[in-house]
Amino acid sequence: MFKKIKLNTLACGAFVAVSLFFFYNSMLLKYWSSKYAPGPGFIPRWASGFLILLSVIAFIYSLKEEGITLDQLLPPDKTRRVNLYVTWGSLVFFLLFVKLIGFLPTSFVMLTSMFSRGTKLPKAALISAILTICCYIVFKVVLKVQIPTNQLGW
Amino acid sequence: MDITSTFSHLMNGFVSVASGYNLLYCTIGVVFGMLVGVLPGLGPTAGTAILLPLTFSMTPTESIIMLAGIYYGAMYGGTITSVLINTPGETASVITCLDGYPMAKQGRAGAALGVAAMGSFIGGLFALSGLLLLGPALSAQALKFGPPEFFCLILMGLTLVISLLGKSIIKGLMMAIVGLILSMIGVDPFNGTIRFAFGHLNLISGIDFIAVSMGVFALTEIFTNLAEDLKITKEIPKIQSMLPYKEEWPIVLKSITRGSLIGFFMGLLPGCGSSIPTVVSYSVEKKISKHPEKFGTGVIEGVAGPETANNAFSGGALIPLFTLGIPTSPAIAILMGAFIMHGVAPGPGLFTERPEFIWPVIASMFIGNLILVIMNLPLANAWAQISKIPGKYLFPGVVIISILGVYSINFNLFDVMVMIIAGFIAYFIKMVGFPMIPLVITFILGDKLELSLAQSMTMFRGDLMQIFHRPICVVLIAIIVLSLLIGNIGKAKLKQKFGGEESEI
């Protein structure tokens, strides 16, 4: 049953929730800062209030319209679905571990997993290694970007 | 500003471009732009967003010269894949496939590319000439704008974008408000109060525009492409003579003239999008032609007109940015982000307060167009080979460069997290018709919008109805109301007549 929920409905529902959240928080801010000048809560209140209205209208429309359901979100082909899972998973892996183990190993693992979706693992590992080292040299050495490194300096 | 002083400033601009690294960055920008245009899956918006963080260490002039080069360079590059493999490199080149690819199949790929390059060059020059003549004049008028006028102008630009782009005005408005709310995270520009930070240090300085725009444009497109079959197996036809037949020259020149006018004037309209002028130009050429039935089989004016309109549009679209500070398309919005990042406020004061910045940028565009036509004509085959790079190799590379680019803004992984989350959410909500352009435009303009409203209210002592006593505001409000009211009807007719929705990359 969950899979038959329309994406549009879910998205509009999320907009309603987000707008209510921001509306509530904007009520905690001052509406006026002086007699004529708007306070920090002035525009947020109007903006989130208007967003609530629009989101509810869009939500109601979404219930009547046809649209993509949750079980149609991802590509039907398994290979393409796995491509997406691997891409998202490797991005999350990068975020979680880059500060712990450093840029070079994390990027290498991330890129290898992404390249391996289109080519054999040894070739993917080789391309990843070259690309990672090139990016390291260009960004850290040439452009002097302070990329996250591990205890060993890479 | 009269013609003599405009010309004098332009000459100084050329001298400035020829000095320092400006010419180098111009070349890098147009080459990268060509690359972005040639590669399907990456457009000028994503390309500009990806390179934007790398321009931090440059001067403002160098940065804008390079980023502008990417923008109009991509318009040239998109033609190559449209003609040779029937795959538009970016959305503005979709129409070129209709007659360009049939010409290539007839062995006239060279003529199609040659005419496209010439038309692009002439269209680009025409638009730049328009920029020279109209830019300073419009700027002078825009100096009459006060906070109320700016408030109305920003709203007008936004409502025109929402009305013309995307499937639904309601969803466009929702995304615009989300962009406005996101821009309010951090410090209130008028009162200095911290809002919506919830105690997080990273949110106190606000969410970075580059992280959001790279997420919603570049990363989303990468996800979309990685979910497709990316094997390119098409063969590239051989390119022979780059010139049209002798009897085609009058037709080509007339098409180029019409394309220049159509593209330039449509570029002035916020929300027009780069594909609409090409569609309009194609329709005009077909209507005027003595043999409209031949369109779609490989007629040269079907390539010349739209390609010229494409490049004339890219020049025309810079005028609202330079003179009024209003971005009219996603790529221009990224360019505006670059302006702000480097501490240059686009708008009325640009020509008078920062001539040492704006005139080298304009001069570089003349040079950039020349570099592009020189690169296109003899090197079309070489560029075509680049389009054969499979996406399975290209897109992971783009991912790592995007991550490093965003990280280099503040050396903070939080920005990378924002980019990934924005890309993830945008990937799904784009499927159900939520456009990203209004979000990005209000995100950029949010502070300015809020500040101008606050200043207006203070000026009017709380009585906002006084805005209707100002003639410019009345005109702008009328345009806002009209664009929202008739936006749906007009959009439906436009789309029915001229084609599908604008892509945002």
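**Exercise 1. Find the order of elements along chain A, then compare the chain with a compact globule.**

Step 1. Read along the sequence, chain A runs α-α-α-α-α. Helices here are DSSP runs of H or I with at least four residues, strands are runs of E with at least two, and both are numbered from the N terminus.

Step 2. Count the elements: chain A has five helices and zero strands.

Before going on, note that this is a predicted model, where local features need pLDDT of at least 70, side-chain atom pairs count only at pLDDT 80 or more, and totals for chains, interfaces and linings use all residues. Residues are numbered from 1 along each chain as its sequence is written, chains are lettered from A and ligands numbered from 1 in the order in which they are written, and side-chain values use heavy atoms, with hydrogens and water left out.

Step 3. Look at the radius of gyration, taken over C-alpha atoms; the globule rule is 2.2 Å times the number of residues to the power 0.38. For 154 residues, a compact globule would come out near 15 Å, but chain A has 23 Å.

Step 4. Check the extent: the C-alpha trace of chain A spans about 60 × 45 × 20 Å along its principal axes.

Step 5. Turn to burial, where buried means under 20% relative accessible area, exposed over 50%, and partly exposed in between (1.4 Å probe, protein chains only). In chain A, 41% of the 154 residues count as buried.

**Exercise 2. Locate a nonpolar surface patch on chain A.**

Step 1. Recall the rule: patch residues have over 30% relative accessible area and no salt bridge; nonpolar side chains (Val, Leu, Ile, Met, Phe, Trp, Tyr) are joined within 5 Å, and like charges within 9 Å. The areas come from the Shrake-Rupley method with a 1.4 Å probe, and for residues only the protein chains shown count as cover.

Step 2. Name the members: A:Ile133, A:Ile137, A:Val138, A:Val141, A:Val142 and A:Leu143 make a patch of about 490 Å².

Step 3. Place one of them. A:Leu143 is in the segment after helix H5 (121–142) of chain A, and A:Leu143 counts as partly exposed because its relative accessibility is 34%.

**Exercise 3. Work through the salt bridges.**

Step 1. Start with the rule: a side-chain nitrogen of Lys or Arg lies within 4 Å of a carboxyl oxygen of Asp or Glu. Over all chains, the structure holds eight salt bridges.

Step 2. Take B:Glu450 and B:Arg195, whose closest N and O atoms are 2.6 Å apart. B:Glu450 lies in helix H20 (residues 437–459) of chain B and B:Arg195 in strand S2 (residues 194–195) of chain B, so this pair ties together parts that are 255 residues apart in sequence. Are these partners buried or exposed? B:Glu450 is buried at 4% relative accessibility, and B:Arg195 is buried at 0%.

Step 3. Next come B:Arg258 and B:Glu285, which form a salt bridge with their closest N and O atoms 3.0 Å apart. B:Arg258 belongs to helix H11 (residues 249–267) of chain B and B:Glu285 to helix H12 (residues 275–288) of chain B, so the bridge joins parts that are 27 residues apart in sequence. B:Arg258 is partly exposed at 23%, whereas B:Glu285 is buried at 2%.

Step 4. Finish with B:Glu356 and B:Arg354, bridged with the closest N and O atoms 2.9 Å apart. B:Glu356 is partly exposed at 47%, and B:Arg354 is partly exposed at 27%.

**Exercise 4. Explore the aromatic rings.**

Step 1. Rings of Phe, Tyr and Trp (its six-membered ring) pair if their centres lie within 6.5 Å; planes under 30 degrees apart are stacked, over 60 edge-to-face, and the rest tilted. How many aromatic pairs does the structure hold over all chains? There are 27.

Step 2. Among them is the edge-to-face pair of B:Tyr427 and B:Phe428, 5.1 Å centre to centre with 75° between the planes. B:Tyr427 is buried at 7%, and B:Phe428 is buried at 12%.

Step 3. Widen the view: ring pairs link A:Trp88, B:Phe223, B:Phe424, B:Tyr427 and B:Phe428 into a cluster.

Step 4. Look for charges over rings, meaning NZ of Lys or CZ of Arg within 6 Å of the ring centre and within 35 degrees of the ring normal. The charged end of B:Arg108 sits over the ring of B:Tyr245, 3.9 Å from its centre. B:Lys171 lies over the face of B:Phe434, 5.0 Å from the ring centre.
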